[in-house]
Every structure is written in structure tokens, then in C-alpha cells.
Amino acid sequence: MSWEAEIAELRRREDMARRMGGADKIKRQHDGGKLTVRERIDQMLDAGSFHEIGAIAGRAVYDASGQLQDFSPTNFVFGRGRVDNRPVVVGGDDFTVRGGAADAAIWQKQVMAEQMALELRIPMIRLVDGTGGGGSVKSLEMEGRTYVPLLPGWEHAVANLSTVPVVALALGSVAGLGAARTVTSHFSVMVEGISQMFIAGPPVVARTGVEMTKEELGGSDIHARAGAIDMAVASEAEAFAAAKRFLSYLPQSVHELPARIAPQDNPNRREDRLLSAIPRDRRRVYKTRDILDAVLDEGSFFEMGRLYGRSAITGLARLDGWPVAVLAGDPYHYGGGWTADASHKIVRFIDLAETFHLPVVHFVDIPGFLIGPEAEQSGTIRHGARALTAVYQASVPWCSVILRKAFGVAGAGHSNHTRLRYRYAWPSGDWGSLPLEGGIEAAYRAELEKSDDPAALLKDIEDRLNKVRSPFRTAEAFLVEEIIDPRDTRPLLCEFANLAAPLRQTGFSTFGYRP
């Protein structure tokens, strides 16, 4: 009177599901340089930790007597597992079954994956490799009808953005809903050469008269530079490693705090190279990332969005073991000026910090908003004002280190002046409403026009104003609180991280995260 026969049937069906799309389709996946969905899950998760849900969901074929003859599994595999011994939900498209299209997916599985992450308050990892939409137009004839578009479960995907970390890895050619699932995340990755992403693929675009290859239309470099994704990597293994590292800085949900690791670096380390990190010649650039490497916990800086909005550097790091969000200016691009793209990048990054309770450390070098016709045509002032709003809406602990420039309205965005001004300035600090360079001729035009020797007068004016621009003059009036030896930056920031730790609060932010 046992149920051994039914258990044997269950195992037979599970074995049939693990065949995925069959040996030929699996070979085609491997020949294309791609792993199967089950191989990806195995590499993404801790060994042996995957608990699959809905494994035997799919399309069955029965004979006249009701006996199972064949079985094609759904092309979406999901369940629970662990990453670095922390529970997560993982869901992946199986491209070997109808190219990952939703008409073979049983959409309820994708919905449950998102709902599970939301209600269990654990991170969501999406392994995207398909369109995720309605599949081929042949499905319309098969169904005998069409439909008004809807997005089942999208309410959970939206809620997850404000509740749990969401990672999306595009691991093939993804289009339509698949592309939307990729970018509706906190961290997205594409793999060079094997990943492409489109609103609609080349065959559809060709109907508009534009012939392009998949790589030309939606390759990883295009989307990394456009800001649609956060990172492009060379292999699937690197994509999994990047996802794990991103999650290591974040809590399981907004109802927890980001965890400290055992400090790996001396909090009182002082780097002599910082004394000469900023050139005395204000026209010369410097490498901000070298400064970050010198003051953050060694090897901890994880940069995101490097190829987009390049005048702003964003990434996660640690200070004395505490995770922090790092924002910095890069003078190699527009002198560090905030462009429309950089402003978008800053808004999204501050929202990430606010959502997951990460203190912000801002290394400031902002000569202002980008100026000129390009800036006006891209609506820089509106996008820049959104970035300023994000700075002023942020409630997480915030520390600014003024490395060099802080000018104009954008420069005022180095921190929210109504909060405690927890900031330090290097002796290289240079600030005001307008840089002297380019402003002297306008301000002293009348005197210069009347002068018998305008060049000599201009030099005299510059010398006088250069004395006034000294950061020590600002400090005398307590308009900047502390000018510090650059070598003291790390010890002071580690102190900030320790002071900020008990100030962090769990729960939802006052506004939801938008992708």
C-alpha cells in the first residue's frame, strides 16, 4: 500500500524536464558559447543549494489510454538557493525550449519567482536569455485570437525594486519583455559577444528600412555606454562573479542593514602619494580612481556604470569593513562637470543608497553643469535639477571630501547644506559661484578695454583674485569646516563609517526606487 509507483513516475518526469529542449538544442546552446539555464544556476548558487519549484510544469503528450508519452518542460526554471550562504530566489530562461519565449514559459512561474522574493524578503536574481514576450506570431493562429498587452506579475517586479536587491544578467539575445526584465533591476550585466538586447530585434527593425546585425543593434558596448546596463563582462563566469560581489554589499531586504565584514585593512593607513595626487596646475587632470584606491578598504571598490555618464564615478566599497556608496567626479570627462547622462546616473545611484541604507561618501570635483549647445539640447539643467533633488532627498549618512572644484549650482550638489555639514576639504579645494578662468574678462571688461596694457592688467587681476580664492580664506570665515592633510582622508572616512553605522535605519525609503 505504498506510493512507490507515483514517486517513480515523479522522478521519471523530473528526468524528462532536465532534458530541457533536447540534446540537439543543448549542443546548439554550447556551440554558441553559452551555458544552459541549469548550468548557469549551478554556477550562480552555492553548490547543492538549489531547491527547484515547478520542475515538472510543461506540456505533456498522452496516448489514448492516458499514459504519458512525451513531455516538454516550461522554459523558465526557478527556485530558492544560496549565494555566499545567504538565501536568494533565482529564475532563468531556458533558451533551448522555444528560444525562451513566454508562450512556452507558463507565466505563473515568473510571477511566483518575483512574488517569492518580495514576500520572503530575499534578493531576486534573473538569468535572462529570451524574448519573454509572446513568442512567434504563429502563436496567434494557434490560439485563434490576439490580446491587449498586459504584464502579469509586474506589480511584484516593481515592488521588489523598493524592497529587495534585484540582479539581472542578460545571457543571450534578449528582446521586448526580456529586455525590460533586464533593466528593471538594481544591477544589470551583459556578456560581450554573446549578449544582445533590443526593444525589437533585427528582423523587426528591418521592416523600418534599417538593416543591422544583432551586435550592431544591441551589443553590450552599446548598452553599457547608453546606460541601459551597469556592466559588460567577458564571460558568463564573470557575470556570476559580478552579481555575487554586488549582493555582498547589500542587505537581504530594506528591512535589514548592510552587513559589516571583518576589517581587512588598517583604518589608520595614511598614503603619502595623496600629497601629490592633485596637480597644482588647475588645468591638469588626475586619476580619481587612484585616490579611491588609496583611501577605501584595499580592493573593495566595485564600480558600476563606468562607460555611461563618465564625468561621475559611482560604485560600492567598504570603509573599515562597513559597506558604503561612493560618488566621485572624474576630471578626464568634461572636467568632472555634470552632464545630462551623469545626472541620470547620480539620481539612480543615490536612490540605490537610500533604498538599501548605504552611507554616501562623495569625492567632489564639480566645475558645474556642462555648458554649451550640447548641454542645452540635451536638457542638462532639468536632469541636473533631478540630481540635486536626489541629493536633497537622501536621508542616509553623507560625507563629502572636496578634492578640487565645487562651482555653481551643480557644485552645491556636493551635499545637502541643511543637514550637518560632515565634510572635509583638501588644500587643492577651489570653489565659488563661477571659476575665475573665463570669468575675469567678463567681470573686468570695462577696465581691460580702457587699459593701455590689458595683458598686464589681466595678470595683476588674476594674481589678486588667486589670493582671494585660497581655501584658507574660506576656512577663516568657517564657510568650510576643515581643511585636511590628504593623508588623513582614510582615517577620517573610517571614523565616519563607524559613526554612521548606528544611524542607519531599516524600512522603506520615503520614495520608491525607479530603474
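This report describes the strands, helix packing and two buried residues of a predicted model.

**The seven-stranded sheet**

The strands β1, β4, β5, β6, β7, β9 and β11 form an open sheet in the order β1-β4-β5-β6-β7-β9-β11, and their pairing is mixed. At its edges lie β1 (51–53) and β11 (231–233), each of which pairs on one side only. Direction ignored, neighbouring strands of this sheet are turned against each other by 20 degrees on average. Within the sheet, β4 (residues 76–83) and β5 (residues 86–93) run antiparallel and are joined by eight bridges, and in this pairing Val77 stands opposite Gly92 in β5.

Two helices are described against this sheet. Helix α3 packs on it and touches β1, β4, β5, β6 (124–128) and β7 (166–170), with a direction that makes about 10 degrees with that of β4. Helix α4 (residues 107–120) lies across β1, β4, β5 and β6, and runs at about 25 degrees to β4.

**The contact of α3 with α11**

Besides its packing on the sheet, α3 (residues 37–44) meets helix α11 (residues 236–248): the two axes come within 10 Å and cross at roughly 45 degrees. Because of that angle, α3 is oblique to α11, and the crossing in which α3 passes α11 is right-handed. From α3, the residues Arg40, Gln43 and Met44 take part, and they meet Glu236, Ala237, Phe240, Ala243 and Lys244 in α11. The residues of this contact divide into four nonpolar, one polar and three charged.

**Strand β16 and its partners**

Strand β16 (residues 398–407) is mostly covered, with nine of its ten residues buried. Strands of a sheet pair through backbone hydrogen bonds, either parallel or antiparallel. The pairings of β16 with β15, β17 and β18 are set out in the table below.

| Partner of β16 | Sense | Bridges | Citation |
|---|---|---|---|
| β15 (residues 360–366) | parallel | six bridges | |
| β17 (residues 423–425) | parallel | three bridges | |
| β18 (residues 430–432) | parallel | three bridges | |

Individual bridge partners place these pairings along the chain. Ile402 in β16 is the bridge partner of Val364, and Ile402 also has a bridge partner in β17, namely Ala425. For Phe407, the bridge partner in β18 is Gly432.

**Two buried residues**

Met190 belongs to strand β9 (residues 187–191), and it counts as buried because its relative accessible area is 0%. Leaving out residues up to four places away in sequence, Met190 touches Ala170, Ser195, Gln196, Met197, Gly218, Gly219, Ser220, His223, Ile229, Met231, Ala232 and Val233. Met190 and Ala239 are 49 residues apart in sequence, while their C-alpha atoms are 7.4 Å apart in space.

Asp297, by contrast, is found in a loop, the one between α12 (288–295) and β12 (302–304). Is this charged residue buried or exposed? Its relative accessibility is 7%, and since buried means under 20%, Asp297 counts as buried. When its neighbours within four places in sequence are left aside, Asp297 is in contact with Asp265, Arg318, Leu319, Asp320, Gly321 and Arg490.

Technical notes: Residues are numbered from 1 along each chain as its sequence is written. This is a predicted model: local features need pLDDT of at least 70, side-chain atom pairs count only at pLDDT 80 or more; totals for chains, interfaces and linings use all residues. Side-chain values use heavy atoms; hydrogens and water are left out. Buried means under 20% relative accessible area, exposed over 50%, partly exposed in between (1.4 Å probe, protein chains only). Helices (H or I, at least four residues) and strands (E, at least two) are DSSP runs, numbered from the N terminus. Two strands pair if DSSP finds at least two bridges between them. Axes are lines fitted to C-alpha atoms, for helices over the stretch in contact, and angles run from 0 to 180 degrees between N-to-C directions. Angles under 35 degrees count as roughly parallel, over 145 as roughly antiparallel, 65 to 115 as roughly perpendicular and the rest as oblique. A crossing is left-handed if the near helix is turned anticlockwise from the far one by less than a right angle, and right-handed if clockwise. Contact means heavy atoms within 4.5 Å. Ala, Val, Leu, Ile, Met, Phe, Trp, Tyr, Cys and Pro count as nonpolar, Asp, Glu, Lys and Arg as charged, and the others, Gly among them, as polar.
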